[in-house]
Amino acid sequence: MRTETDFIPKSFSKTIESGTFTWSAPSNIALVKYWGKKANQIPANPSVSFTLNTCKTITTLTFQTKANPDSFSFDLLFEGKPKEDFKPKIQKFFERIAVYCPYLKQYHFTIDTRNTFPHSSGIASSASGMAALAMNIMSLEKALNPEMTEDYFNQKASFLARLGSGSACRSVKGKVVVWGNHKGITGSSDLFGVEFPTAIHSNFSNYQDTILLVDKGEKQVSSTVGHDLMHNHPYAEQRFQQAHDNLSKLKTVLENGDLETFIEIVESEALTLHAMMMTSMPYFILMKPNTLEIINAIWKFRKNHNIPVCFTLDAGANVHILYPENVRVQVLQFIQDELVGYCENAQYICDAIGKGSQLMIDN
Ligand code: 2P0
């Protein structure tokens with residue numbers, strides 16, 4: 001099993017003066033939720049997610065050696081324009097990964113990033129953003145160490161992404177990704193995400209995720225505050241145990257295609273995440289009235305039409321509607337007819353399971 005020290009490079013076989021890479025990295029939606037962490041971005045419980053396909057960050061990293069290797073040096077552009085307020089997060093990320101990427105201080109970087117989903121849609125860009133940056137950094141490291149294996153590349157990219165934002169480690173590779181030690185999942189690790197190790201049932205092929213934008217405002221609770229709420233939370237220990245149990249059950253479901261149990265686990269996880277926030281001190285309600293309207297409408301539609309559609313939630317008011325591809329037409333019609341009115345500016349995003357990060361430009 002890999003440990004942190006495996007990600008500290010010992011030597012480099014090549015030198016490189018300058019170059020450019022562009023990677024895209026997707027967002028992901030957790031089925032079993034990560035909520036609560038220990039020091040150094042170690043999750044309090046294991047989680048599993050579907051990687052998305054359409055909601056992505058695309059980041060170009062340009063680098064050039066510089067004279068003074070004492071500190072980090074970078075410019076940050078968002079959609080081609082300087083974005084000073086993103087810089088402290090990147091500076092902190094560089095500091096956290098410095099020991100694993102000792103070459104970073106030798107270069108000046110330009111990081112040019114954009115998202116395929118609308119600004120302030122309430123869709124977190126930290127997972128896709130940190131994953132895209134980590135992929136680019138690993139491309140640079142591979143240029144310095146061309147003998148690196150693909151497995152090491154992906155594991156270290158996920159390891160670095162995790163140090164930027166926990167859920168980002170699930171946006172590197174794979175359609176279904178597990179992060180966090182779990183006794184039933186071979187190769188699972190607290191340090192990085194791994195692709196779900198066994199074959200996924202065809203019921204989940206091209207599974208759909210339509211994201212209803214209920215509230216596009218700034219997050220009411222930052223993820224840092226949210227995870228902190230699990231320290232001294234009265235239900236923390238039971239919750240962490242429940243995540244282990246739900247992951248065991250979901251593993252079986254992903255293999256046997258039992259959609260009824262899938263729905264049960266996924267909806268319970270979403271409501272439990274919100275229940276944790278409602279029962280912490282201080283307490284928060286992150287759902288909006290329209291979130292509940294949508295949930296009730298989904299339950300009614302599912303019962304009346306016997307169509308296996310369900311919802312999940314992130315730490316906000318938006319609703320992810322999950323369903324198999326073979327009921328896409330009926331579910332999209334239902335969304336149009338009954339749910340669009342609950343979305344801010346009638347906005348929703350049609351997404352589906354995707355493959356993970358992709359290299360777009362390599363020079
Ligand atoms: C998840 N969320 O599993 C859970 C469910 C939100 C709800 O991971 O502090 O941005 O950067 O490690 O990954 C959001 O937290 O937190 C999150 P940090 P992150 O997707």
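# Exercises on a predicted model

In this predicted model, strand E11 and strand E12 (residues 319-323) run antiparallel and are joined by four bridges.

**Exercise 1.** Determine the place of strand E11 in its sheet and state which strands stand at the edges.

*Solution.* Begin with the residues that face each other: Leu313 stands opposite Val319 in E12. Next, place the pair in the wider arrangement. The open sheet consists of four strands, ordered E11-E12-E10-E13, with antiparallel pairing. Strand E11 (310-313) and strand E13 (348-352) each have a single partner strand, so they stand at the edges and one side of each is left without a neighbour in the sheet. Finally, consider the twist: on average, neighbouring strands of this sheet are turned by 25° against each other, direction ignored.

**Exercise 2.** Test whether the length of helix H6 agrees with the expected span, and identify the residue that caps the N-terminal end of H6.

*Solution.* Helix H6 covers residues 259-278, which is 20 residues. The expected span is 1.5 Å times one less than the number of residues. For H6 this should give 28 Å, and the end C-alpha atoms are 28 Å apart, therefore the two values agree. At the N-terminal end, the cap is Asp258, with a side-chain oxygen 3.2 Å from the backbone nitrogen of Glu260.

**Exercise 3.** Describe the surroundings of the ligand by residue, class and polar contact.

*Solution.* First, list the neighbours. There are 16 residues around the ligand, and Lys37, Ser165, Gly166, Ser167 and Arg170 come nearest. Second, sort the shell by class: five residues are nonpolar, seven are polar and four are charged. Third, examine the side chains that meet ligand oxygen atoms. An N or O atom in the side chain of Tyr34 is 2.7 Å from an oxygen atom of the ligand. For the side chain of Ser165 the corresponding distance is 2.7 Å, and for that of Ser167 it is 2.6 Å. As for cover, the ligand on its own has 470 Å² of accessible area, of which the protein covers 93%.

**Exercise 4.** Locate the cis peptide bond from Met281 to Pro282 and the positive phi of Asn206, and set both against the general pattern.

*Solution.* Most peptide bonds are trans, and most residues other than glycine have a negative phi. The bond from Met281 to Pro282 is cis, with omega near 0°. Pro282 is found in the loop between H6 and helix H7 (289-305). Asn206 is not a glycine, yet has a positive phi of about 50°. The loop that holds Asn206 runs between strand E9 (193-195) and strand E10 (208-212).

Definitions and conventions
Residues are numbered from 1 along each chain as its sequence is written. This is a predicted model: local features need pLDDT of at least 70, side-chain atom pairs count only at pLDDT 80 or more; totals for chains, interfaces and linings use all residues. Side-chain values use heavy atoms; hydrogens and water are left out. A residue is near a molecule or strand if one of its heavy atoms lies within 4 Å of it. A polar contact is a pair of N or O atoms within 3.5 Å; within protein, one must be able to donate a hydrogen and the other to accept it, and residues adjacent in sequence count only if both atoms are side-chain atoms. Accessible areas come from the Shrake-Rupley method with a 1.4 Å probe; for residues, only the protein chains shown count as cover. Ala, Val, Leu, Ile, Met, Phe, Trp, Tyr, Cys and Pro count as nonpolar, Asp, Glu, Lys and Arg as charged, and the others, Gly among them, as polar. Helices (H or I, at least four residues) and strands (E, at least two) are DSSP runs, numbered from the N terminus. Two strands pair if DSSP finds at least two bridges between them. Axes are lines fitted to C-alpha atoms, for helices over the stretch in contact, and angles run from 0 to 180 degrees between N-to-C directions.
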